[in-house]
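Here is a short report on charged pairs and one loop residue. Look over the sequence and the model before reading on.

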Amino acid sequence: MSSPSESRRAKAARRAGEFPPAPEPLAVPVFDSHTHLDLTVQEAGVPGDGDGDPVEALIAAAAKSGVDRLVQVGVDVASSRWGADAADRHPALLAAVALHPNEAPRLSDLDEALREIEALAARPRVRGIGETGMDTFRTGDEGRAAQEASFRAHIAIAKRYGKALIIHDRDAHDDVLRILDSEGAPDTVVMHCFSGDAAFAAECVRRGFHLSFAGTVTFASAGNLREAAAITPPEQMMVETDAPYLTPVPYRGRPNASYLIPITVRALAGARGVDLDELCGTISATGERVFGPW
Ligand SMILES: [Zn+2]
């Protein structure tokens, strides 16, 4: 009989063979504004032979693609602490810490968990508070009050420590704007995996938020996202994987990792009608301003 961790390893080893081939590298480097290295290793392993430190392997694969800096994003206290420690060890990594909006309503002691997030927020290589926000897709009415209380507390932490706020917004555009407007948004807000249309993008752009586009912008059905990208100023754009999820076309269903960013940023340059190298340079500079220096 195998232990749960053995079966997870076995599953990861099996899925490791499913990583897509490396795309043509970028000439001008960019950063991945949102990745989950811990979940990638757990759920999919690493591309290649998998020898050595799996986090190093994912960082090295990304660097070969021209993705030379990453933001590791937490979803609960344990993953946030893991990310903060990993960022201390790896120069290419910075961390964001938070309780995910679907996690917050499940906690028996939300206040205690928020205190732990706040302690992590003070660490120098933690540069973002996220992912936090609202999700009416996976959290029902019964969890909504705790979700909103958690979001408001994260906004306050981001402001207290001067860190970027990284927002998860799933089927909750109006709630997210209402809560941000009522609390007063922090100086820097990143809409992670931007999922709205051009009208919502315009609302976010007007507020000075950054829109981070994921592999979803390559999906055939995502004309609304490409329209959103088309009206977003390059200075307010970011690109991300949300790895191991949201793998870009044509590799949907296979694991995602930061080395696949070139596929998404090429789609973004196409949607915005700008030169790829120029866009990469702009995104890189935005990353240094918002999260950096690494
Ligand atoms: Zn995420």
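## Salt bridges and a buried loop residue

Arg-69 is buried, with a relative accessible area of 8%. Its partner in a salt bridge is Asp-68, and the N to O distance is 2.8 Å. Asp-68 is partly exposed, at 34% relative accessible area. Keep in mind that this is a predicted model.

How many salt bridges does a search of the whole structure find? The search finds 16. Three of them are set out here, with the distance between N and O.

| Acidic residue | Basic residue | N to O distance |
|---|---|---|
| Asp-68 | Arg-69 | 2.8 Å |
| Glu-116 | Arg-81 | 2.6 Å |
| Glu-112 | Arg-115 | 3.1 Å |

**Between two helices.** Glu-116 and Arg-81 form a salt bridge, with their closest N and O atoms 2.6 Å apart. This pair links distant parts of the chain. Glu-116 sits in helix α5, residues 110-121, while Arg-81 belongs to helix α4, residues 77-89. The two are 35 residues apart. Glu-116 is partly exposed, at 26% relative accessible area. Arg-81 also counts as partly exposed, with 38% relative accessibility.

**Within one helix.** Glu-112 pairs with Arg-115, the closest N and O atoms being 3.1 Å apart. Both residues lie in helix α5. They are three residues apart, so about one helical turn separates them. Glu-112 is partly exposed, with a relative accessible area of 32%. Arg-115 counts as exposed, at 51% relative accessibility.

**A network.** Some salt bridges share partners. They join five residues into one network: Glu-148, Arg-152, Asp-175, Arg-178 and Glu-183.

**A residue in a loop.** Now turn to Asn-102. Where does Asn-102 lie? Asn-102 is in the loop between β3 (93-97) and α5. Is Asn-102 buried or exposed? Asn-102 is buried, because its relative accessible area of 5% is under 20%.

Which residues is Asn-102 in contact with, leaving aside neighbours within four places in sequence? They are Asp-135, Arg-138, Thr-139 and Gln-147. Polar contacts join the side chain of Asn-102 to two of these residues. One reaches the side chain of Asp-135, at 2.9 Å. Another reaches the side chain of Thr-139, at 2.6 Å.

Phe-200 gives a further reference point. Asn-102 and Phe-200 are 98 residues apart along the chain. Their C-alpha atoms are separated by 23 Å.

Notes:
Residues are numbered from 1 along each chain as its sequence is written. This is a predicted model: local features need pLDDT of at least 70, side-chain atom pairs count only at pLDDT 80 or more; totals for chains, interfaces and linings use all residues. Side-chain values use heavy atoms; hydrogens and water are left out. A salt bridge is a side-chain nitrogen of Lys or Arg within 4 Å of a carboxyl oxygen of Asp or Glu. Buried means under 20% relative accessible area, exposed over 50%, partly exposed in between (1.4 Å probe, protein chains only). Helices (H or I, at least four residues) and strands (E, at least two) are DSSP runs, numbered from the N terminus. Contact means heavy atoms within 4.5 Å. A polar contact is a pair of N or O atoms within 3.5 Å; within protein, one must be able to donate a hydrogen and the other to accept it, and residues adjacent in sequence count only if both atoms are side-chain atoms.
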